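Q: Please pick one part of this model and take me through it closely. I'd like the cut-offs for each term as you go.

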Amino acid sequence: MMKKIVFAALAASASMLASVPASAAINWTDLTSSTATTVSGTVGGVGVTYSGGGIGFVQTSGGTDYWNGSFISSWDGTIAPPPTSDIIALDQAGVKTITFASAVTDVYLALNSWNGNAATFDKNFTAVGFVNGCGYWGCGLLQNVTANSFTSAAGNEIHGILKFGGPITSISFTDQNDEFWHGIQVGVSAVPEPAAWMMMIGGFAIVGGAMRRRRTAWRAALA
C-alpha cells in the first residue's frame, strides 16, 4: 500500500512537471512604462526595470516591429526573436542595469542593430540566434567575443540573442559608443506556474508523510 501511495504521488508530480513549457521557450518582457532614464515592465509575472539612461526611444505598445525585418528568417530557428514591437532603443554609451523583482532563470537579451558598437557585461553569456547575424537593418556578426564581451565593426549590423545562465536578479552592461540607435529586449525561460509548483510540492509532502508513518510503525514494532 505504501509503495502505491508513493508511486501515485510521484506520478502526479511528474505529470504536472511534464505539462510545464520546455526550457527553450522564452517569455519576452511586456514593456509598460518609461521615463528619460528608466523603463519598466513584467515578464512571466516578474517585474523588470531597466535603468541607466542613454535612451533614444522606447516602444511599449505598437510602432514599427524591428524584430521582424526581411532578414529575420536567418536567425537561429530554435531561438525566435521577440514577438511584439516592444523595444528599448539606446543612443548613449554608459553603464546600464536590468533588474528583476525576483530571481529568474536563463535570461535572454535580444540585440537589434548594434552597428559599430561593443559591450561588456558583469556576467558571462552564450551567443544564440546568430546564424547569419541578420535582422531589420542588415547583417553583421559578433567580433572579438570573450566570455562576457563582444565588439562589432562600423557598418556591421549585429542582430541576435545573448543567453545568461541563472538564477539571476540583475544584469549590468556597458555599451561603449554613442549610436542612434542600438536596441534591446529582455526575456526569461518559461517557468512552472505557481499551481504546478504547489501540486509538485504537495506530491512530495505526501511521500514524506507516508515515509514518516512507516518509520513510526517500524519503531513501535521494535519497542
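A: Let's start inside: the largest cavity holds about 60 Å³ of space. A cavity here is a set of points, on a 1 Å grid over the protein atoms alone, where a 1.4 Å probe fits but cannot get out; points are joined across faces, edges and corners, and the volume is the space filled by probe spheres set on them. With a threshold of 30 Å³ or more, the count is 1 cavity.

Some ground rules will help with what follows. This is a predicted model, in which local features need pLDDT of at least 70 and side-chain atom pairs count only at pLDDT 80 or more, while totals for chains, interfaces and linings use all residues. Residues are numbered from 1 along each chain as its sequence is written, and side-chain values use heavy atoms, with hydrogens and water left out.

Now for the walls. Lining residues, meaning those with an atom within 4 Å of a point, are T29, L31, V39, V48, T49, Y50, I88, I98, I184, Q185 and V186. By class, 8 of them are nonpolar, 3 are polar and none is charged; Ala, Val, Leu, Ile, Met, Phe, Trp, Tyr, Cys and Pro count as nonpolar, Asp, Glu, Lys and Arg as charged, and the others, Gly among them, as polar. At least two lining residues come from each of β4 and β16 (182-189). Strands are DSSP runs of E with at least two residues, numbered from the N terminus.

Strand β4 (residues 46-51) deserves a closer look. V46, V48 and Y50 point to one face and are buried, whereas G47, T49 and S51 point to the other and are not. Buried means under 20% relative accessible area, with exposed over 50% and partly exposed in between, using a 1.4 Å probe on protein chains only. Why this back-and-forth? In a regular strand the side chains alternate between the two faces of the sheet.

β4 has two partners to consider here. Strand β3 (residues 38-43) pairs with β4 in the antiparallel sense over 6 bridges, where pairing requires DSSP to find at least two bridges between the strands. In that pairing, G41 stands opposite V48, and the hairpin has 2 residues between its strands, with G44 taking a positive phi near 55 degrees. Strand β7 (residues 94-104) also runs antiparallel to β4, joined by 4 bridges, and T99 in β7 sits opposite T49.

At V46 in β4, the relative accessibility is 14%, so V46 counts as buried. Outside its neighbours within four places in sequence, V46 is in contact (heavy atoms within 4.5 Å) with G41, F100, A101, S102 and V104. S102 is 56 residues from V46 in sequence, yet their C-alpha atoms are 6.6 Å apart.

The lining residue I88 leads us to strand β6 (residues 87-90), which is covered on both faces: I87 and A89 on one side, I88 and L90 on the other, are all buried. β6 and β16 run antiparallel, joined by 3 bridges, and I88 stands opposite I184; both of these residues line the cavity. Strand β5 (residues 55-59) is joined to β6 by 4 bridges, again antiparallel, with Q59 opposite I87.

Note on methods: 1 Å grid on protein atoms, 1.4 Å probe; cavity = no way out; pocket = protein on both sides within 12 Å on 5 of 7 lines; lining within 4 Å.
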